[in-house]
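Here's a short set of exercises to work through with the structure open. Try each task before you read its solution.

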Amino acid sequence: QVQLVESGGGLVQAGDSLRLSCAASGLPFSRHFMSWFRQAPGKEREFVARISGSGGILNYADSVKGRFSISRDNAKNTVYLQMNSLKPEDTAVYYCAAGTPNYWGQGTQVTVSS
């Protein structure tokens, strides 16, 4: 079975940094685009970042450009989201996704206090 497990979320102050990890299993990891989405209470789930299988294509939502960086380590079947200069508006549950996306993780909570 395909499984995506996020980790690294937590409570931080505005301006702090946080690195999220997503460990994948049960799929040919290097052949899949990997993405991060987030969902704040009362809001629709929104796209955050995407990376191609080889890491050659990077896409970011305008709201996080210049602050967030997506990367992957195919040898470890892991995708990362480095989040810098965090803002309270970044508070959300962050989800890792694979493919179209066809697979989703359970999410990890990121809370940024003012």
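**Exercise 1.** Find out which residue of β3 stands opposite E6.

*Solution.* Keep in mind that this is a predicted model. Start with the strands: β1 (3-7) pairs with β3 (residues 18-25) in the antiparallel sense, over five bridges. Now look across from E6, and you land on C22 in β3.

**Exercise 2.** Work out the strand order of the open sheet, and say why β1 and β7 each have one side without a neighbour there.

*Solution.* First, the order: the four strands run β1-β3-β8-β7, with antiparallel pairing. Next, the ends: β1 (3-7) and β7 (68-73) are the edge strands, and each has a single partner, so one side of each has no neighbour in the sheet. Finally, the turn between neighbouring strands: it comes to 15° on average, ignoring direction.

**Exercise 3.** Back to C22: which cysteine does it join, and what handedness does the link have?

*Solution.* Step one is the sulfur pair. C22 is joined to C96, with an S to S distance of 2.1 Å, which falls within the 2.5 Å cut-off for a disulfide. The structure holds one such link. Step two is the torsion: the S-S bond has -80° about it, and the link of C22 and C96 is left-handed. Step three is to place the ends: C22 sits in β3 and C96 in β9 (residues 92-98), so the pair ties together parts 74 residues apart in sequence.

**Exercise 4.** Are C22 and C96 buried or exposed?

*Solution.* Buried means under 20% relative accessible area. Both C22 and C96 are buried.

Key: Residues numbered from 1 in each chain as written. Predicted model: local features only at pLDDT ≥ 70, side-chain atom pairs only at ≥ 80, totals over all residues. Heavy atoms only, no water. Pairing = 2+ DSSP bridges. Helix = DSSP H or I, 4+ residues; strand = E, 2+ residues; numbered from the N terminus. Axes fitted to C-alpha atoms, helices over the stretch in contact; angles between N-to-C directions. Buried < 20%, exposed > 50% of the residue type's maximum accessible area, 1.4 Å probe, protein only.
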